[in-house]
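Got your viewer open? Load the model below and keep the selection box handy.

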Amino acid sequence: MGSWQRLLLFRGVSLRGGARACAPLCGRQMLVCWRQLSGAESETLKQRRTQIMSRGLPKQKPIEGVKQVIVVASGKGGVGKSTTAVNLALALGANDSSKAVGLLDVDVYGPSVPKMMNLKGNPELSESNLMRPLLNYGVACMSMGFLVEETAPVVWRGLMVMSAIEKLLRQVDWGQLDYLVVDMPPGTGDVQLSVSQNIPISGAVIVSTPQDIALMDAHKGAEMFRKVHVPVLGLVQNMSVFQCPKCRHKTHIFGADGARRLARTLDLDVLGDVPLHLNIREASDTGQPIVFSQPESDERFQ
């Protein structure tokens, strides 16, 4: 049906026997025609939109030598995403010592992995001119923090950031890894899209505190990964409860079970509860993550 015929239908006129004869449509007929056309056009628009959005998108290419990629993300900063990523990488290695684990920090503006993993220095280059990761606690690490001074701010626009992400993804000699844990920056912007569209990802872990403000952004983060067809493995509820070291009274400073409610809404699992505890903060600041330095403590992942 041509566009001019649709226009006549919308005006309440039905063409019969070509353009020479026409009769007015009743209200019910016009409503049926409108619904049919709207449904057809809606589906056409969806297909067209998908075609347009797929143009120019990079084809996913695995990172050489890496079997599985797990991204750790959060909608909001300051919820313990990097702490979770570091301890997850160490836990994967501790769970099976035969598995090789890497940790990639793609938070260009605020890299935390160098300090948390107690690593300093510049990566060496291989014979093929690829950067070699720095190693500590049995985990191979790469971060923007190894390429700039510790106190130097990264004052870059989007194109430079994306170029840096491309180098971190494609110009690192990881050797052979069973798992690569990727510490993502907070939010749902260019870096998240670039990583998701450039490499195949086995799954995403969303980190949030139980606070409503953090959960709002965690919800957006989970939906973003679903839109780009990345499986969301579940949520980690960080800073879930504070227990007084003297009287042992428990206080839910950021609220109780907020991440569990969000998990039910999104039909996801809660992968663990991590308490708000001094030991976790001190271990991270001194470059001795809690999973490594205190593997039997109550403060590790529950």
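What follows is a short walk through a pocket and two helix pairs.

Before you click anything, bear in mind that this is a predicted model.

**Stop 1: the largest pocket**

Start by selecting Pro-114, Lys-115, Leu-119, Gly-145 and Glu-150. Of the 25 residues that line the largest pocket, these are the ones nearest its centre. If you show the pocket as a surface, expect a volume of about 540 Å³.

Now colour α4 (113-116) and α9 (278-285), the elements that each give two or more residues to this lining. Which of them gives the largest share of the lining? That's α4, with three residues.

Try colouring the lining by residue class next. You should get 12 nonpolar residues, eight polar ones and five charged ones.

**Stop 2: α5 against α6**

Hide the pocket and select residues 158-170, which form helix α5, along with residues 190-198, which form helix α6. The two axes are 10 Å apart, and the helices pack at an angle of about 35°. Turn the view until one helix lies over the other, and you'll be looking at a right-handed crossing.

For the side chains, show Val-161, Met-162, Ile-165, Glu-166, Leu-169 and Arg-170 on α5. Facing them on α6 are Asp-190, Val-191, Ser-194, Val-195 and Asn-198. By class, this contact of α5 with α6 holds six nonpolar, two polar and three charged residues.

**Stop 3: α7 against α8**

Move on to helix α7, residues 212-227, and helix α8, residues 258-266. How do these two run relative to each other: roughly parallel or roughly antiparallel? Their axes cross at roughly 30° and come within 10 Å. An angle under 35 degrees counts as roughly parallel, so that is the label for α7 and α8. The crossing of α7 and α8 is right-handed.

To see who touches whom, pick Asp-212, Leu-215, Ala-218, His-219, Ala-222, Glu-223 and Arg-226 in α7. Their partners in α8 are Gly-258, Ala-259, Arg-261, Leu-262, Thr-265 and Leu-266. Colour the contact of α7 with α8 by class and you'll find six nonpolar, three polar and four charged residues.

Conventions:
Residues numbered from 1 in each chain as written. Predicted model: local features only at pLDDT ≥ 70, side-chain atom pairs only at ≥ 80, totals over all residues. Heavy atoms only, no water. 1 Å grid on protein atoms, 1.4 Å probe; cavity = no way out; pocket = protein on both sides within 12 Å on 5 of 7 lines; lining within 4 Å. Points joined across faces, edges and corners; volume = space filled by probe spheres on them. Helix = DSSP H or I, 4+ residues; strand = E, 2+ residues; numbered from the N terminus. Nonpolar A, V, L, I, M, F, W, Y, C, P; charged D, E, K, R; others polar. Axes fitted to C-alpha atoms, helices over the stretch in contact; angles between N-to-C directions. Parallel < 35°, antiparallel > 145°, perpendicular 65-115°, else oblique. Left-handed = near helix turned anticlockwise from the far one by under 90°. Contact = heavy atoms within 4.5 Å.
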